[in-house]
Amino acid sequence: MVKKYVVDGGVYSGKTSAIKELARRGFATVPEAAAIVIEEQLAGNGNLLPWIKREEFDRFLLEKFAK
């Protein structure tokens, strides 16, 4: 059985750094969902960003990634 873990925490608590370090050590990881959306929005000059439209951003994350 494969164990899966969720890394959770507040803004700037080190989630991304922890995930990157786990990947460096050979663990299979997936990027943080919010980081994916932010990167896509910035690359496409979008404005669905948590510091602009927090509620819409949160709703979008839930619809796209919560399954």
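Student: Let's start with the largest pocket: how many residues line it, and which lie nearest its centre?

Tutor: Happy to begin there. The lining of the largest pocket is made up of 35 residues, and those nearest its centre are Val7, Lys15, Ile19, Glu32 and Ala33. Keep in mind as we go that this is a predicted model.

Student: What volume does the largest pocket have?

Tutor: Its volume is about 1400 Å³.

Student: Which helices supply at least two residues each to the lining of that pocket?

Tutor: Helix 1 (15–24), helix 2 and helix 3 each do so.

Student: Let me step back to the fold. How many helices and strands does the protein have?

Tutor: The secondary structure consists of three helices and zero strands. Following the sequence, you read the pattern α-α-α. As for extent, the C-alpha atoms fill a box of roughly 35 × 25 × 20 Å along the principal axes.

Student: How should I read burial, and what percentage of the residues is buried here?

Tutor: A residue is called buried when its relative accessible area is under 20%, and exposed when that value is over 50%. In this protein, buried residues account for 16% of the 67 residues. The accessible surface amounts to about 5900 Å², with 57% of it belonging to carbon and sulfur atoms.

Student: Let's try that on a residue. Where is Val11, and is it buried or exposed?

Tutor: Val11 sits in the segment before helix 1. Val11 is exposed because its relative accessible area is 66%, and exposed means over 50%. You can also relate Val11 to Pro31: the two are 20 residues apart in sequence, and their C-alpha atoms are 15 Å apart in space.

Student: And what about Thr29, where is it placed and which residues does it touch?

Tutor: Thr29 is in the loop between helix 1 and helix 2. Not counting residues up to four places away in sequence, Thr29 touches Ile19, Leu22 and Ala23. Its relative accessibility is 36%, so Thr29 counts as partly exposed.

Student: How far is Thr29 from Thr16, along the chain and in space?

Tutor: They are 13 residues apart along the chain, and their C-alpha atoms are separated by 11 Å. Thr16 itself lies in helix 1 and counts as partly exposed, at 36% relative accessibility. Take Gly26 as another partner: Thr16 and Gly26 are ten residues apart in sequence, with 15 Å between their C-alpha atoms.

Student: Moving to helix 2, which residues is Ile36 in contact with, leaving aside its neighbours within four places in sequence?

Tutor: Ile36, which lies in helix 2, is in contact with Pro31 and Phe65. Ile36 counts as partly exposed because its relative accessibility is 26%. From Ile36 to Glu56, 20 residues along the chain, the C-alpha separation is 15 Å.

Student: What share of the contacts with a separation of 6 or more comes from residues 24 or more positions apart?

Tutor: Such residues account for 19% of those contacts.

Student: Now backbone angles. What is special about phi of Asn45?

Tutor: Phi of Asn45 is near 55 degrees, a positive value in a residue other than glycine. Asn45 is found in the loop between helix 2 (33–43) and helix 3 (54–65), and it counts as exposed, at 72% relative accessibility.

Student: One last feature: how many positive and negative side chains are there?

Tutor: The protein has 11 positive and 9 negative ones, and the centres of the two sets lie 7 Å apart.

Definitions and conventions
Residues numbered from 1 in each chain as written. Predicted model: local features only at pLDDT ≥ 70, side-chain atom pairs only at ≥ 80, totals over all residues. Heavy atoms only, no water. Helix = DSSP H or I, 4+ residues; strand = E, 2+ residues; numbered from the N terminus. Buried < 20%, exposed > 50% of the residue type's maximum accessible area, 1.4 Å probe, protein only. Contact = heavy atoms within 4.5 Å. Areas by Shrake-Rupley, 256 points an atom, 1.4 Å probe, with all protein chains shown as cover. Lys, Arg positive; Asp, Glu negative; His and termini not counted. Charge placed at Lys NZ, Arg CZ, Asp CG, Glu CD. 1 Å grid on protein atoms, 1.4 Å probe; cavity = no way out; pocket = protein on both sides within 12 Å on 5 of 7 lines; lining within 4 Å. Points joined across faces, edges and corners; volume = space filled by probe spheres on them.
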